[in-house]
Amino acid sequence: MEHLKWPAGVTIKEVGPRDGLQNEKTFISTEDKIAWINQLSESGLKHIEITSFVNPKWIPALSDAVAVATGIKKVPGVTYTALVPNLQGLERAFKADIDEVAVFMSASETHNLKNINKNIGETFPVLKDLVRDTISAGKLSRGYVSTVFGCPYEGKVDIESVIRVSETLFAMGIEELSLGDTIGVANPKQVQEVLEVLLKRFPADKLAMHFHDTRGTALANILVSLEMGITTFDSSLGGLGGCPYAPGAAGNVATDDLLYMLHGMGIHTGVDEQKLLHASQFIQDRIGRTLPSKSFQAASAVLSGKLGNTK
Ligand code: HMG
Ligand code: MG
């Protein structure tokens, strides 16, 4: 069988403290958030999205963003990112000395409106100012485009809209664009088709994939993305997460599951699975429900002696 082309290494961007916690009903105390992020920082992860500076009335779970961002122990070499929707949020992010600002918008009008209270056309100038001020402050700038593979309100999303939003964000000056399957509807064939179009316009090393695992297709979608040359993936520890303004959205692909797959394939990530196992256990205990990650559940079962270790 012909050997498929996989990269030697990939970059994992941990979004659990932001995408994971934003949709949780249990409010995780500031102290526990800080302790958890500190554990993530010690695991070898080089990119952690720690919170968001959105309107706290919209996302109460992250209303302590400044306290979290200023309370963590920053590890040299780790980039600490936060999601920011507008200049008011940027001011808070600067106060908290965030390394990287992630701006976000959707490829579909209705999700954009429900999520950030503006249509696509109205969002562009807001993000343009945001990216400009981020860059002139010497900070890194990342962009997200949501609903790339489907919208909870409109269904199918026109690829032309994905292209337009992506091109506009790159023209503003973002360094990397993360393509969001916000509601986890993508399948591997669709991922291949969308990437074939986008990779004609943008280099693979400027794109990241952000798969939610609502329907269990995230790892399959990642495998296709890897084969197409993408080497940066967003994931959330334990599979926490979801967008509160996308009904039925479930968590991101679990970092635990992604690491299990990549390391098993001999693909390097620099992340220590054992250290993350403890971090998953920590947040599961705080959230008070079983985390969706299959790999984490299997590892916990082995640890608690329920299963024999088959290695
Ligand atoms: P708005 O209500 O239109 O804002 O919200 P506004 O400018 O009219 O201001 C209204 C009030 O909000 C004012 O306060 C402002 O001061 C305050 P008031 O006078 O009423 O007391 N305000 C703020 N306060 C603190 N920080 C701020 C801020 N901005 C305004 N930054 C806004 C517009 C964008 C702010 C709002 O819609 C919002 O916060 N939306 C965020 C929703 C969100 O966080 N969604 C989840 C993240 S996106 C996601 O999960 C997808 C992703 O993971 C990728 C994928 O999966 O596809 C990234
Ligand atoms: Mg997301």
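**Figure 1. The donors of the magnesium ion (ligand 2) follow the spacing D-x190-H-x1-H along the chain.** Helix 1 (residues 16-20) holds Asp19 and strand 7 (residues 207-211) holds His210, so this pair ties together parts that are 191 residues apart in sequence. Please keep in mind, here and in the views below, that this is a predicted model. The protein donors shown are Asp19 through OD, His210 through NE2 and His212 through NE2, and they lie 2.1 to 2.3 Å from the magnesium ion (ligand 2). Asp19 counts as buried, with a relative accessibility of 2%. His210 counts as buried too, at 5% relative accessibility.

**Figure 2. Ligand 1 and the residues that surround it.** Here we look at the 27 residues around ligand 1, of which the closest are Gln22, Asn55, Asn117, Ser146 and Thr182. Three contacts deserve a look of their own. In Arg92, a polar side-chain atom lies 3.0 Å from a nitrogen atom of ligand 1. His210, met above as a donor of the magnesium ion (ligand 2), places a polar side-chain atom 3.0 Å from an oxygen atom of ligand 1. For His212, an N or O atom in the side chain is 3.0 Å from an oxygen atom of ligand 1. His210 and His212 thus appear in both views, as donors of the magnesium ion (ligand 2) and, with polar side-chain atoms, beside ligand 1.

**Figure 3. Asn117, a residue with a positive phi in the loop between helix 5 and helix 6.** Most residues other than glycine have a negative phi. Asn117 is not a glycine, yet its phi is positive, at about 65 degrees. The loop that holds Asn117 runs between helix 5 (109-116) and helix 6 (120-136). Is Asn117 buried or exposed? With a relative accessibility of 51%, Asn117 counts as exposed. You may recall Asn117 from the previous view, where it is among the closest residues to ligand 1.

**Figure 4. Thr147 and Gly150 in the loop between strand 5 and helix 7.** Thr147 is a residue other than glycine with a positive phi, near 55 degrees. Its relative accessibility is 0%, so Thr147 counts as buried. Gly150 is found in the loop between strand 5 and helix 7 (159-172), and Gly150 is buried as well, with a relative accessible area of 4%. Which residue, 33 residues from Gly150 along the chain, has its C-alpha atom 7.3 Å from that of Gly150? The partner is Ile183.

**Figure 5. The one cavity of 30 Å³ or more found in a search of the whole structure.** About 40 Å³ of space lies in this largest cavity. Its lining is made up of Lys13, Glu14, Val15, His47, Ile48, Glu49, Thr81, Glu100, Arg142 and Tyr144. Strand 1 (11-14), strand 2 (47-52) and strand 5 (140-146) are the elements that give two or more residues to this lining. Which element gives the largest share? Strand 2 does, with three residues. By character, the lining of the largest cavity divides into five charged, three nonpolar and two polar residues.

How values were computed
Residues are numbered from 1 along each chain as its sequence is written. Chains are lettered from A and ligands numbered from 1 in the order in which they are written. This is a predicted model: local features need pLDDT of at least 70, side-chain atom pairs count only at pLDDT 80 or more; totals for chains, interfaces and linings use all residues. Side-chain values use heavy atoms; hydrogens and water are left out. Donors are N, O and S atoms within 2.8 Å of the metal (3.2 Å for Na, K and Ca); water is not among the atoms, so sites may look incomplete. Helices (H or I, at least four residues) and strands (E, at least two) are DSSP runs, numbered from the N terminus. Buried means under 20% relative accessible area, exposed over 50%, partly exposed in between (1.4 Å probe, protein chains only). On a 1 Å grid over the protein atoms alone, a cavity is a set of points where a 1.4 Å probe fits but cannot get out, and a pocket is an open set with protein on both sides within 12 Å along at least five of seven lines; lining residues have an atom within 4 Å of a point. Grid points are joined across faces, edges and corners, and a volume is the space filled by probe spheres set on the points. Ala, Val, Leu, Ile, Met, Phe, Trp, Tyr, Cys and Pro count as nonpolar, Asp, Glu, Lys and Arg as charged, and the others, Gly among them, as polar. A residue is near a molecule or strand if one of its heavy atoms lies within 4 Å of it. A polar contact is a pair of N or O atoms within 3.5 Å; within protein, one must be able to donate a hydrogen and the other to accept it, and residues adjacent in sequence count only if both atoms are side-chain atoms.
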